[in-house]
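Work through the exercises below with the sequence and the 3D structure open. Each task is followed by a solution in steps.

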Amino acid sequence: MEEMNINEMKEMVLKYVIKEYIDDDDVTITYETPLISSGYVDSFSMVSLLVFLENKFKIKIPPSKATPEAFDSVNSIVALVNQYLEK
Amino acid sequence: MYDSYRDHLAIQLEEIREAGLYKNERVIVSPQGAEITISTGQKVLNFCANNYLGLSANRKLVEAAKEALDTHGYGMSSVRFICGTGDLHKELERKLADFFGTEDTILYAACFDANGGVFEPLLTSEDAIISDSLNHASIIDGVRLCKANRYRYENADMDDLESQLQLAQQHRFRLIVTDGVFSMDGNVAPLGRIYELANKYNAMVMVDESHSAGVVGETGRGVTELYNLKGKIEIITGTLGKAFGGAIGGFTTGKKEIIEMLRQRSRPYLFSNSIPPLVAAAGIKMVEMMTETNELQDKLHHNTKYFMERMLKAGFDIKPTQSAICAVMLYDAKLSQEMAVRLLKEGIYVIGFYYPVVPKDKARIRVQLSAAHETEHLDKAIAAFTKVGKELGVLK
Amino acid sequence: MSFPESIRSIYQAQLADIQHAGIFKEERFIHSAQSADIEVEFPSGSELKKVINMCANNYLGLSSHPDVIKAAHEGLETRGYGMSSVRFICGTQDIHRELENRVTEFLGTEDTILFPSCMDANAGVFEAILTSEDVMISDRLVHASIIDGMRLCSAQHDTFKHSSMEHLEEKLLLHADKRLKLVITDGVFSMDGDTARLDRMVELCEKYGAMLLVDDSHATGFIGKTGRGTHEYCGVFGKIDIITTTFGKALGGASGGCVSGRREIVEMCRQKARPYLFSNTIAPVIVSGVLKVFDILSANTERRDKLEKNAAYWRKGLTEAGFVLREGNTPIVPVMLFNAKLSQDFSKDLYREGIYAIGFFFPVVPNGQARIRTQISAGHEIHHLDRALDAFIRVGKKYGILGLTKDQIIEKHGL
């Protein structure tokens with residue numbers, strides 16, 4: 001995992017988000033797009049994203065940190081992942 | 001799949017039975033009233049309904065409901081904001097606001113829903129809810145659905161409330177939440193003191209008047225009347241399912257903007273039918289009756305006083321109260337059940353409550369008085385209590 | 001603090017925001033009984049207007065059926081008005097048990113428990129039967145009341161893409177290690193009018209050892225050959241573990257709901273479901289009315305057959321006129337407009353034409369999928385539908401959307 005740079009990580013998370021949550025071809029999601037606060041991802045569905053991140057990056061994110069705010073964009077998700085990668 | 005789950009549930013149900021907590025339902029075949037008929041054919045005097053004003057089978061309410069059936073049909077088949085709002089809903093909302101001296105009212109399918117839907121639209125994670133430890137389950141569920149910070153104080157303990165308010169000063173808004181009358185002990189919330197503390201620590205107050213509306217206060221306006229706080233409490237919730245006719249329905253009444261926000265955002269209001277028109281019509285009639293005369297309130301107050309005085313004189317241990325709930329303390333769980341069974345044989349229908357509904361070793365029989373009771377009913381109940389009390393060694 | 005101006009003004013500002021966003025909900029006051037023709041006061045204080053109602057959940061036209069009203073009258077006479085008690089203290093009459101048995105028989109389940117509303121049934125069922133060792137896997141478009149019920153339950157929750165059986169299967173695999181798995185769906189989805197693929201879902205649940213809960217509020221009484229619901233329509237009658245449904249829509253429309261299903265699950269709800277334990281059940285007068293509704297539905301399938309015909313007629317008319325509809329086979333027929341403001345303007349113009357139908361937009365439906373949701377009833381006669389269709393066509397012409405595709409409408413009116 002150390003090999004992967006930030007942009008690669010963002011691309012990987014973005015791909016997963018689009019595959020898992022976005023059905024509508026008209027919708028364009030970027031790194032900044034608010035996911036939960038704009039209704040693309042409902043907070044119940046976060047659980048699969050969490051499992052994906054934990055498996056993919058071999059990290060453990062405590063439930064208290066997996067908040068709708070922290071998961072609200074690809075950027076913030078990758079920032080969160082990075083905190084746990086570094087440790 | 002279901003087979004393994006069936007076994008799992010069967011075990012759990014057995015545990016509930018063994019703990020003596022299994023709830024069996026007694027089937028009633030008559031209308032609700034002072035005297036009811038149960039499925040065995042036995043006629044008994046009912047002392048365990050929330051039928052405080054005796055309106056559950058009141059002729060005028062029945063007539064009002066029947067009239068509304070003819071003019072407004074049976075159901076609305078819609079939520080309020082699509083096509084489920086009738087003129088009767090609007091009228092009842094206004095009448096309830098007048099009754100409680102508040103600015104506006106919003107109706108719900110039940111007070112359970114009013115309490116379940118009041119917190120989330122009004123408070124956020126910046127705010128705090130300070131809640132009495134014995135508040136009703138529906139308040140607890142509403143608080144669980146809200147992101148505000150939670151503080152809890154011991155039942156009616158004003159020192160504890162003050163310390164919790166101090167702890168909660170860091171938040172944007174504070175809301176103190178209390179039942180008006182606590183249903184198991186029948187004690188009235190010390191709203192006067194709560195209001196003082198709310199002013200001192202800059203908090204809003206919410207009172208659930210489910211067991212106090214129609215009952216407490218000289219004209220039955222509830223705990224806010226008892227403490228001379230009419231119009232001063234931000235949020236009152238209440239039910240049409242107890243003193244006010246007993247069918248279904250609940251409401252939140254209070255400050256105009258709060259009610260308006262609930263109409264926009266409160267989930268049980270947005271996603272469920274309101275009360276049917278016939279219930280709204282009976283509600284309107286109920287408020288009119290209670291405004292015209294104080295007869296029912298007076299009779300309930302008289303009955304409560306009469307019953308309590310004689311039970312105390314007979315030697316029973318009774319929790320002091322200004323409500324219509326009379327907790328006859330027996331302390332022992334088994335004894336409370338045995339006593340209820342024997343009273344039923346004497347034709348008196350009451351329920352014994354024990355842990356976990358009430359604290360351990362605080363088992364009791366809860367007697368609920370009603371304006372439907374006549375003096376002869378009360379005398380019969382007191383005689384039965386005295387007889388069974390002596391048989392079981394509760395009375396010397 | 002006796003509500004100082006500081007607090008009042010914060011709520012006033014929030015309310016103003018809602019108004020600016022154009023999503024302020026204004027209520028229309030109906031002065032008549034619910035039916036195809038109603039009398040409405042809107043805006044508040046204005047004179048009564050006679051309109052055709054195209055947005056009630058009065059699917060079977062039973063909300064003001066004379067036999068139901070008569071039964072309610074009799075219920076009031078023989079059973080009184082209220083019970084003033086929860087079920088397990090002194091709030092159970094024999095007719096409550098009778099209704100529970102009727103529902104069980106009608107839905108083909110093992111037992112039934114009544115709730116004050118289906119909102120309460122959904123709010124109470126999950127917590128009563130699942131723990132933190134379990135998982136709930138729900139369709140992403142399930143009703144708000146199910147979401148609230150799941151929020152109150154400590155079991156894990158996950159979702160699958162709307163009606164995607166592949167995605168559901170993925171999720172069943174992902175959660176294979178959980179003790180209990182409960183798959184949750186609406187039978188008919190209220191905003192789109194599409195039906196869940198219950199046949200496939202039953203197969204998947206059997207394959208992966210999961211249970212299935214269906215909220216059939218928009219189906220009970222009229223979907224399926226004899227109106228038993230989505231499970232009948234999908235050929236899996238008797239195979240659903242838990243069905244929740246309402247008496248507040250097709251079945252008379254007054255109030256009340258229930259959980260119907262496996263015996264032990266129902267029993268567990270009776271012991272543990274909080275809205276059941278801590279709230280009055282359905283009032284006797286309402287029970288009397290619903291019992292009569294089941295009499296009517298059991299006698300013949302006339303009403304649901306008429307509803308099916310009406311819905312097909314309405315759908316055909318709109319399609320031929322050139323509207324974009326959501327595909328479906330139910331009396332819920334969404335006329336797609338995509339643009340939120342257009343949906344509101346369209347609804348207002350319809351109202352002027354004497355047609356009452358509401359526009360829905362985000363967040364009730366996804367962004368960019370605003371629509372007028374029409375709901376057909378067995379209470380509608382062909383002349384109602386013809387008049388409504390004329391009005392739709394006139395207003396559709398005004399906005400120049402007839403015959404346009406989705407993309408063309410969006411191009412013309414924006415998203």
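**Exercise 1. Determine how H4(C) and H12(C) are placed against each other, and which residues meet.**

Step 1. Helix H4 covers residues 94-107 of chain C and helix H12 covers residues 284-299 of chain C; their axes come within 10 Å and cross at roughly 30°. Helices (H or I, at least four residues) and strands (E, at least two) are DSSP runs, numbered from the N terminus. Axes are lines fitted to C-alpha atoms, for helices over the stretch in contact, and angles run from 0 to 180 degrees between N-to-C directions.

Step 2. H4(C) and H12(C) are therefore roughly parallel to each other. Angles under 35 degrees count as roughly parallel, over 145 as roughly antiparallel, 65 to 115 as roughly perpendicular and the rest as oblique.

Step 3. The crossing of H4(C) past H12(C) is left-handed. That term applies if the near helix is turned anticlockwise from the far one by less than a right angle; if clockwise, the crossing is right-handed.

Step 4. On the H4(C) side, the residues in contact include Ile95(C), Leu99(C), Val103(C) and Phe106(C); on the H12(C) side, they include Val287(C), Leu291(C) and Phe294(C). Contact means heavy atoms within 4.5 Å. By class, the residues where H4(C) meets H12(C) are ten nonpolar, three polar and three charged. Ala, Val, Leu, Ile, Met, Phe, Trp, Tyr, Cys and Pro count as nonpolar, Asp, Glu, Lys and Arg as charged, and the others, Gly among them, as polar.

The model is predicted: local features need pLDDT of at least 70, side-chain atom pairs count only at pLDDT 80 or more, and totals for chains, interfaces and linings use all residues. Residues are numbered from 1 along each chain as its sequence is written, chains are lettered from A and ligands numbered from 1 in the order in which they are written, and side-chain values use heavy atoms, with hydrogens and water left out.

**Exercise 2. Place E11(C) in its sheet: which strands pair with E11(C), and is E11(C) buried or exposed?**

Step 1. The open sheet of chain C has seven strands in the order E5-E11-E10-E9-E8-E6-E7, with mixed pairing. E5 and E7 (156-160) are the edge strands, each pairing on one side only. On average, neighbouring strands are turned by 20° against each other, direction ignored.

Step 2. E5(C) (residues 111-115) runs antiparallel to E11(C), with five bridges between them. Two strands pair if DSSP finds at least two bridges between them. Asp111(C) is opposite Gly261(C).

Step 3. E10(C) (residues 242-246) is also joined to E11(C) by five bridges in the antiparallel sense. Here Thr246(C) has Gly257(C) as its bridge partner.

Step 4. Five of the five residues of E11(C), 257-261, are buried (under 20% relative accessible area; exposed is over 50%, partly exposed in between, with a 1.4 Å probe and protein chains only). One side carries Gly257(C), Val259(C) and Gly261(C), and the other Cys258(C) and Ser260(C).

Step 5. H4(C) from the first exercise lies across E5, E10 and E11 of chain C, at about 125° to E5(C).

**Exercise 3. Describe the crossing of H14(B) and H15(B).**

Step 1. The axes of H14(B) (residues 333-345) and H15(B) (residues 375-391) come within 10 Å and cross at roughly 135°. That makes H14(B) oblique to H15(B).

Step 2. H14(B) passes H15(B) in a right-handed crossing.
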